Amino acid sequence: MSPVSHSEWDRPADASSPHEGGFRAQIDISTTRGGPRYGELNEELRRLMDLARYACPPEELTEAMIAQVRALNENLAKVQVDEWETPSGTRIDLPSRGNLTLPPYVVTDGGPDGVIADVTFRPFHLGGNKAAHGGHIAVAFDDLGGLASALKVEGVTRTAYLTVGYRSLTPLDTPLQMRTWVETLDGRKAFVKGTLHDGDRLCADVDALFIALKPGQP
Ligand SMILES: CCCCCCCCCC(=O)SCCNC(=O)CCNC(=O)[C@H](O)C(C)(C)COP(=O)(O)OP(=O)(O)OC[C@H]1O[C@@H](n2cnc3c(N)ncnc32)[C@H](O)[C@@H]1OP(=O)(O)O
C-alpha cells in the first residue's frame, strides 16, 4: 500500500512551486532520477505486463508467482514518493517519459508546430483480435495532444474534450507514427488535431480541445 496520502500529493501550486498551475505544480524534468538503470526496470515491468496479458499459469506456478510479485511489490512499497518526485512521467530520456501507464512512444520531432512520435502498442494494449484497445489509443492521443498544446501555449494544459475516430485496426508490436498539432489557438483554447498511421494507412485520428491553465489552477 502506498504511504503517500491524497493530501500530500494533491497539493496546489504556491510560491514554492512556481510552475504552471496545480496540474504539475512542481514538475522537475530529469534524465537521472531513479538512476541509470531505471529505464531497464521500466522495460522489464512492461514485459511483465505484456506477458501477464497472455499468461495462463497452472496452479502451482500461480502460487509461486503470487509470492514473487508480492516480494516485488514490497520492494516498490518501500520507495514510494509523491507524484512530483517520481521518475515515472519526468524522465524525458525514456519512452513516454518513463510513464508505464502510457503506450511507449519516442518523440522524434516536437515544437510549437506539432509533435511527431513513434508509438508501439504492445501485447498489454490488446483490445481484441490482435488489435490495440481503443482506450489505449485515446491515451496516446491525450498525452501527445497535451504535449503539442503545451509546446504551443508554453504552459500546462488540460483536456476539455477528446474525440477519436477509429478508421482502421491498429496493430500491436508494430512501430506506428502519431502526429499531433494545434490547428487553432484561441486565447486559452488550443484546438488539437492528430493522426495515427501504420505506414500510409490511417488507423485513427483525433479532434480535441485543451485549455491552458491559469496560474494556480488545479
Ligand atoms: C509536458 C508534458 C505533456 C503532458 C501531457 C499530459 C496530457 C494529459 C492531459 C489530461 O489528461 S488532463 C485530464 C483530463 N481533463 C480534465 O480532467 C479536465 C477537467 N475539466 C477542467 O479542469 C476544466 O473544465 C477545464 C480546465 C478543462 C476548463 O475549465 P476552466 O474554468 O479553466 O475554463 P472555462 O470553463 O472558463 O472555459 C474556458 C473556455 O473553454 C471552453 N470550454 C471549456 N470546456 C469545454 C468543453 N468541454 N467543450 C467546449 N468548450 C469548452 C469554454 O466555453 C470557454 O470558452 P470561451 O473562452 O470562448 O468562453
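Tutor: A residue counts as buried if 20 or more other C-beta atoms lie within 10 Å of its own, as exposed if 12 or fewer do, and as partly exposed in between, with C-beta atoms placed from the backbone. By that rule, 29% of the 218 residues of the protein are buried. The model is predicted: local features need pLDDT of at least 70, side-chain atom pairs count only at pLDDT 80 or more, and totals for chains, interfaces and linings use all residues. Residues are numbered from 1 along each chain as its sequence is written.

Student: How many helices and strands does the protein have, and in what order do the elements run from the N terminus?

Tutor: Helices (H or I, at least four residues) and strands (E, at least two) are DSSP runs, numbered from the N terminus. On that basis there are four helices and eight strands, and the order is α-α-α-β-β-β-β-α-β-β-β-β.

Student: Why is valine 156 called buried or exposed?

Tutor: Valine 156 has 22 C-beta neighbours inside 10 Å and therefore counts as buried. This residue belongs to the loop between α4 and β5 (157-166). Its C-alpha atom is 8.8 Å from that of lysine 214, although 58 residues separate the two along the chain.

Student: Why is asparagine 129 called buried or exposed, and what of aspartate 173?

Tutor: Asparagine 129 is exposed because 6 other C-beta atoms lie within 10 Å. Aspartate 173 is exposed too, with 12 such atoms within 10 Å. Asparagine 129 sits in the loop between β3 (126-128) and β4 (131-132), and aspartate 173 in the loop between β5 and β6.

Student: What makes the phi of asparagine 129 noteworthy?

Tutor: Most residues other than glycine have a negative phi. Asparagine 129, which is not glycine, has a positive phi near 55 degrees. Aspartate 173 likewise has a positive phi, of about 55 degrees, without being a glycine. Glutamate 154, which follows α4, also has a positive phi, near 55 degrees.

Student: How do you know which strands pair in the open sheet, and what is their order?

Tutor: Two strands pair if DSSP finds at least two bridges between them. The open sheet holds six strands in the order β1-β2-β6-β7-β8-β5, paired antiparallel. Strand β1 (residues 105-111) and β2 are joined by six bridges, and β7 and β8 by 10. In the β1 and β2 pairing, valine 106 stands opposite aspartate 118 of β2. These two strands form a hairpin with two residues between them. In the β7 and β8 pairing, valine 192 has alanine 208 of β8 as its bridge partner.

Student: Why do β1 and β5 count as edges of the sheet?

Tutor: Each of β1 and β5 has a single partner strand, so one side of each is left without a neighbour in the sheet.

Student: What makes α4 a helix that packs on the sheet?

Tutor: Contact means that the C-beta atoms of two residues, placed from the backbone, lie within 7 Å. Helix α4 touches β1, β2, β5, β6, β7 and β8. Angles run from 0 to 180 degrees between N-to-C directions, with axes fitted to C-alpha atoms, for helices over the stretch in contact. The direction of α4 makes about 135 degrees with that of β5.

Student: How do the two helices α3 and α4 stand in burial, covered or hardly covered?

Tutor: Helix α4 is mostly covered, as 16 of its 20 residues are buried. Helix α3 (residues 59-78) is hardly covered, for the count of buried residues among its 20 is zero.

Student: What makes a set of residues a nonpolar core, and which members of the largest one touch the most others?

Tutor: A nonpolar core is a set of buried Ala, Val, Leu, Ile, Met, Phe, Trp, Tyr and Cys residues joined through C-beta atoms within 7 Å. The largest has 30 residues, of which Ala140, Leu144, Ala148, Met178 and Val192 touch the most other members. At least two residues each come from β2 (114-119), α4 (134-153), β6 (176-186), β7 (189-198) and β8 (201-212). Helix α4 gives the most, with nine residues. Leaving aside residues up to four places away in sequence, alanine 148 touches Gly114, Val115, Thr180, Trp181, Val182 and Val192.
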